[in-house]
Amino acid sequence: MTAKYSDIKELILASRPDAVGVAFRELDCGCARLCGVSRQGDPVGEVYNLSGQPATRNLEPLVCLKCYRDKRFAVERTARKGILWADGPDRQTGTDERQLIGIAVFGKDYSN
């Protein structure tokens, strides 16, 4: 997990007490989307988009050329996906529950 994912994970978990984790999908270009997930596997809170390109001098992230050409977030270019689980005692999830949440978020091909 990169530091930028960790910062967003903490932001989401701090603002959404119903989130037990943060789902992410990273594309082959490095761009990623992150969102909080509930115990039922439903999205909670905002979706955060991260550019795979470094920020410019004025700290604005560049639009990735691949994503610009696709004109959308192309999930078929997924390189990594998963869930960053919450560590707090009131949000802990067991292995079986994590598997069920993962399947609800990503489908039957999810593996913990």
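Contact here means heavy atoms within 4.5 Å. The legends below use that sense of the word throughout, and they describe a predicted model.

**Figure 1. V22 and the residues packed around it.** Let's begin with V22, which sits in strand 1. Is V22 buried or exposed? It is buried, with a relative accessible area of 0%. Skipping its neighbours within four places in sequence, V22 is in contact with K9, I12, L13, L34, C35, G36, V37, G82, I83 and L84. One of those partners, L84, comes from well along the chain: 62 residues separate it from V22, yet their C-alpha atoms are 5.0 Å apart.

**Figure 2. The largest nonpolar core.** This view pulls back from V22 to take in the core it belongs to. The core has 13 residues, and the ones touching the most other members are Y5, V22, L34 and L50. Which elements give two or more residues to this core? They are helix 1 (3-15), strand 1 (21-27), strand 2 (32-37) and strand 3 (43-50). Helix 1 gives the most, with 4 residues. There is also a second, separate core, made of 8 residues, and among them are I83, W85, F106 and Y110.

**Figure 3. The hairpin of strands 2 and 3.** Here you can follow strand 2 alongside strand 3, paired in the antiparallel sense over 6 bridges. Look across from L34 and you will find Y48, its opposite number in strand 3. The two strands form a hairpin with 5 residues between them. In that turn, G41 has a positive phi of about 85°.

**Figure 4. S38 in the hairpin loop.** S38 is found in the loop that runs between strand 2 and strand 3. It may be a loop residue, but S38 is buried, with a relative accessible area of 5%. What does S38 touch, once residues up to four places away in sequence are set aside? The answer is D18, V20, V44 and I101.

**Figure 5. Two aromatic pairs.** How many aromatic pairs does the count come to? It comes to 2. The rings of Y5 and F24 have centres 5.4 Å apart and planes at 50°, so this pair is tilted. Y5 belongs to helix 1 and F24 to strand 1, so the pair ties together parts that are 19 residues apart in sequence. Both partners are tucked away: Y5 counts as buried at 1% relative accessibility, and F24 counts as buried at 8%. Now for F106 and Y110, whose ring centres are 5.8 Å apart with planes at 15°, so the pair is stacked. The cut-off behind that label is planes under 30 degrees apart. F106 counts as buried at 13% relative accessibility, and Y110 is buried too, with a relative accessible area of 7%.

**Figure 6. E97 in helix 3.** E97 lies in helix 3, which covers residues 95-106. Its relative accessibility is 26%, so E97 counts as partly exposed; the partly exposed class sits between the under 20% of buried and the over 50% of exposed. Leaving out residues up to four places away in sequence, E97 touches R39 and Q92. For a sense of scale, the C-alpha atoms of E97 and S15 are separated by 22 Å, and the two residues are 82 residues apart along the chain.

**Figure 7. The whole protein, to place the close-ups.** The protein has 3 helices and 4 strands. In what order do the elements run from the N terminus on? They go α-β-β-β-α-β-α. The radius of gyration is 15 Å, close to the 13 Å that the globule rule gives for 112 residues, so the protein is as compact as a globular protein of that length. The C-alpha trace spans about 40 × 30 × 20 Å along its principal axes. Buried residues make up 38% of the 112 residues. Among contacts with a separation of 6 or more, 52% are between residues 24 or more positions apart. As for the outside, the accessible surface comes to about 6,900 Å², with 52% of it belonging to carbon and sulfur atoms.

Methods: Residues numbered from 1 in each chain as written. Predicted model: local features only at pLDDT ≥ 70, side-chain atom pairs only at ≥ 80, totals over all residues. Heavy atoms only, no water. Core = buried A, V, L, I, M, F, W, Y, C linked by side-chain atoms within 4.5 Å. Buried < 20%, exposed > 50% of the residue type's maximum accessible area, 1.4 Å probe, protein only. Pairing = 2+ DSSP bridges. Rg over C-alpha atoms; globule rule 2.2 N^0.38 Å. Areas by Shrake-Rupley, 256 points an atom, 1.4 Å probe, with all protein chains shown as cover. Phe/Tyr/Trp six-rings, centres within 6.5 Å; stacked < 30°, edge-to-face > 60°.
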